[in-house]
Amino acid sequence: HYSFFPNRPRWPARRRNLTYGFDPRNQLSDDVKRVFANAFNRWSEWTPLTFTEGKNYFRSDLKIGFYAGDHGDGEEFDGVLGTLAHAFAPPRGLLHLDSDENWIVNDLIGSRSGSGAVTAMDLESVAVHEIGHLLGLGHSSVEDAIMFPTISSGERKVELDRDDVEGIQELY
Ligand code: TQI
Ligand code: ZN
Ligand code: ZN
């Protein structure tokens, strides 16, 4: 079953058309941006929320960036595997991904020079999960739910489960 953060934070009714932006320091490819656009669409399909890429990262409601190690918010990343990403509950709107992971984008593994890594995580799957947190969902006990707190390397899980839909529709 789905859950919420303590005190059930959510985006207020006057903020249902949300903008998102990518940290310009990351210089992300269009392929990566498309993965996030698809991930946002999976949630907007079931809610009154809309998500549009904002022109200005700093003014966007939802701020997306890839960082390594300590990146200044008190929740540091830890290299390959372990923590993959984190997102803060509304209305903070931060979605951070560990740039030390080998991210799979559109079935392609973006392998980092010299890492020799063999373990890759599907970016869209992690993005859909983290957007759930950005919108106010906690973890679910339903194994097929996007908000279930486990994912395996290489696993692709991008379709919202009925449980995710029920959770997000209770909030919005
Ligand atoms: N990052 C954790 C997560 O997003 C961070 C976290 C731990 C957290 N406990 C939390 C966030 C409670 C909000 C509320 O769940 S992670 C998965 C999953 C992670 C984990 O890197 O461990 C995914 C990131 F669900 F598969 F385990 C993405 Cl999809
Ligand atoms: Zn962070
Ligand atoms: Zn989570």
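**Stop 1: helix H2**

Select residues 123–135, which make up helix H2 in this predicted model. Colour the buried ones and you'll light up Leu123, Glu124, Ser125, Val126, Ala127, Val128, His129, Glu130, Ile131, Gly132, Leu134 and Leu135. That's 12 of the helix's 13 residues, so H2 is mostly covered, given that a residue with 20 or more other C-beta atoms within 10 Å of its own counts as buried.

Now try the distance tool. From the first C-alpha of H2 to the last you should get 18 Å, close to the 18 Å expected at 1.5 Å a residue. Step just past the end of the helix and click Gly136: its phi is positive, near 120°.

**Stop 2: Glu130**

Stay in H2 and pick Glu130. What does UniProt say about Glu130? The annotation there is "active site", and it comes from an unreviewed entry. Glu130 has 23 other C-beta atoms within 10 Å, and that is why it counts as buried. Show its contacts next: leaving out residues up to four places away in sequence, Glu130 touches Ala85, Ala87 and Leu95.

**Stop 3: ligand 1**

Bring up ligand 1 and the residues around it. How many residues surround ligand 1? There are 13, and the closest are Thr83, Leu84, Val126, His129 and Ile151. You've already met two of these names, since Val126 and His129 are among the buried residues of H2.

Which element gives the most to this shell? It's H2, with five residues. Strand E4 (85–87) is worth colouring too, as E4 and H2 each supply at least two residues of the shell. If you colour the shell by chemistry, you'll get five nonpolar residues, seven polar and one charged.

**Stop 4: Ile146, in a loop**

Move along the chain to Ile146, which sits in the loop between H2 and helix H3 (162–171). Is Ile146 buried or exposed? It counts as buried, because it has 28 C-beta neighbours inside 10 Å and the cut-off is 20 or more.

Look at what Ile146 touches, again not counting residues up to four places away in sequence: Val128, His129, Gly132, Lys157, Leu160, Asp161 and Asp164. Among them, Val128, His129 and Gly132 are buried residues of H2, so this stop takes you back to the helix where the tour began. For one more distance, go from Ile146 to Glu159: they are 13 residues apart along the chain, and their C-alpha atoms are separated by 7.2 Å.

**Stop 5: strands E6, E7 and E8**

Time for some strands. Select E6 (residues 102–105) and E8 (residues 120–122), which pair in the parallel sense over three bridges. Find Trp103 and you'll see that it stands opposite Met121 in E8.

Then add E7 (residues 108–109). E6 and E7 run antiparallel, joined by two bridges. To spot one of the pairings, click Val105: its bridge partner in E7 is Leu108.

**Stop 6: Phe66**

Finish at Phe66, in strand E3 (residues 62–67). Phe66 is buried because it has 21 other C-beta atoms within 10 Å, and 20 or more is enough. Setting aside neighbours within four places in sequence, Phe66 is in contact with Asn26, Leu97 and Ser99.

For a last click, draw a line from Phe66 to Gly132. They are 66 residues apart in sequence and 18 Å apart in space, C-alpha to C-alpha.

Notes. Residues numbered from 1 in each chain as written. Chains lettered and ligands numbered in written order. Predicted model: local features only at pLDDT ≥ 70, side-chain atom pairs only at ≥ 80, totals over all residues. Helix = DSSP H or I, 4+ residues; strand = E, 2+ residues; numbered from the N terminus. Expected span 1.5 Å × (residues − 1). Contact = placed C-beta atoms within 7 Å. Pairing = 2+ DSSP bridges. UniProt positions renumbered as here; feature names shortened; annotations may be inferred. Near = placed C-beta within 6 Å. Nonpolar A, V, L, I, M, F, W, Y, C, P; charged D, E, K, R; others polar.
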